[in-house]
Amino acid sequence: MSVVTVPFASLLRCALVAALLALGACGDNDNTPIVPDTSAGSGKMSLTGNGGGGSGDRSSPDYRLGPNDRTRIIVYGQPNLTGEFVLDGNGNLAFPLIGNVPANGMTPTELQRTIAAKLDPDYLPNPSVSVEVASRRPFYVVGEVQKPGSYPYVTDMTVLNALATAGGQTYRANMGRFYIKRQVDGQVVRVAATQESRLQPGDTVVVRERYF
């Protein structure tokens, strides 16, 4: 019986192909739901909820507050109740006299109405309250970038802007495929993004590794 000799180079190529196919089949082992991105070129996401306001402008009346947002609250005629207050990691705001206010997902207008209602009538009769967003919660960049971490959010920031802020990509970065992790209606989803996709406050940009 004759023995067929297979060149080592051919065996190596077969092993490489098999490894790539197996890698593709396994995926990234992240079961977070994936949703399409509709932000590129529009400056607006169709997704709404606790992830951020529709327009991305912190002065917008429909901006939704979330953990680590810093607010400027004025109670007219009451300097002891006026100042800057930061929402904690659960989106609660600790305010003098009335204690914790569950502000996560509220607009500034909704929050000022809530504070006024809690102050009146037990502490102040008919108080005049104003709420502004002093600074929005940061965004995060993880994966194949030079300086992973959290960074201050800037209006109309794109994925490409975020990468530049994080020091640029590494040589292993897959520049054609990104995910943005975002909380929408209390659920974390992955937005299938591109370099032009717009970010919202609190987003996490995931820069994936290329396989070859």
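Two strands are said to pair if DSSP finds at least two bridges between them, and the strands themselves, like the helices, are DSSP runs numbered from the N terminus (E, at least two residues, for strands; H or I, at least four, for helices). The structure is a predicted model, in which local features need pLDDT of at least 70 and side-chain atom pairs count only at pLDDT 80 or more, while totals for chains, interfaces and linings use all residues. Residues are numbered from 1 along each chain as its sequence is written, and side-chain values use heavy atoms, with hydrogens and water left out.

A good place to begin is the open sheet of 3 strands, which has the order β3-β2-β6 and antiparallel pairing. Because β3 (83-86) and β6 stand at the edges with a single partner strand each, one side of each has no neighbour in the sheet. Strand β2 (residues 70-75) is joined to β3 by 4 bridges, and within this pair R72 stands opposite E84. Helix α2 (residues 108-119) packs on the sheet and touches both β2 and β6, where contact means heavy atoms within 4.5 Å. In strand β6 (residues 129-135) lies S130, which counts as buried because its relative accessibility is 17% (buried is under 20% relative accessible area, exposed over 50%, partly exposed in between, with a 1.4 Å probe and protein chains only). Leaving aside residues up to four places away in sequence, S130 touches R72, I73, I74, Y76 and Q112.

Charged side chains add further links, and a search of the whole structure finds 8 salt bridges, each being a side-chain nitrogen of Lys or Arg within 4 Å of a carboxyl oxygen of Asp or Glu. One of them joins the side chains of R70 and E84 (3.7 Å, N to O); since R70 belongs to β2 and E84 to β3, the pair ties together parts 14 residues apart in sequence.

Elsewhere, strand β7 (residues 139-143) runs antiparallel to strand β8 (residues 149-151), to which 3 bridges join it, and a hairpin of 5 residues connects the two. Strand β7 also runs parallel to strand β11 (residues 204-209), with 4 bridges between them, and Y140 stands opposite T204 in β11. A salt bridge brings together the side chains of E144 and R172 (3.1 Å, N to O); E144 lies in the loop between β7 and β8 and R172 in the loop between α3 (159-165) and β9 (173-184), so this pair ties together parts that are 28 residues apart in sequence. At 12% relative accessibility E144 counts as buried, whereas R172, at 32%, is partly exposed.

Conventions:
Axes are lines fitted to C-alpha atoms, for helices over the stretch in contact, and angles run from 0 to 180 degrees between N-to-C directions.
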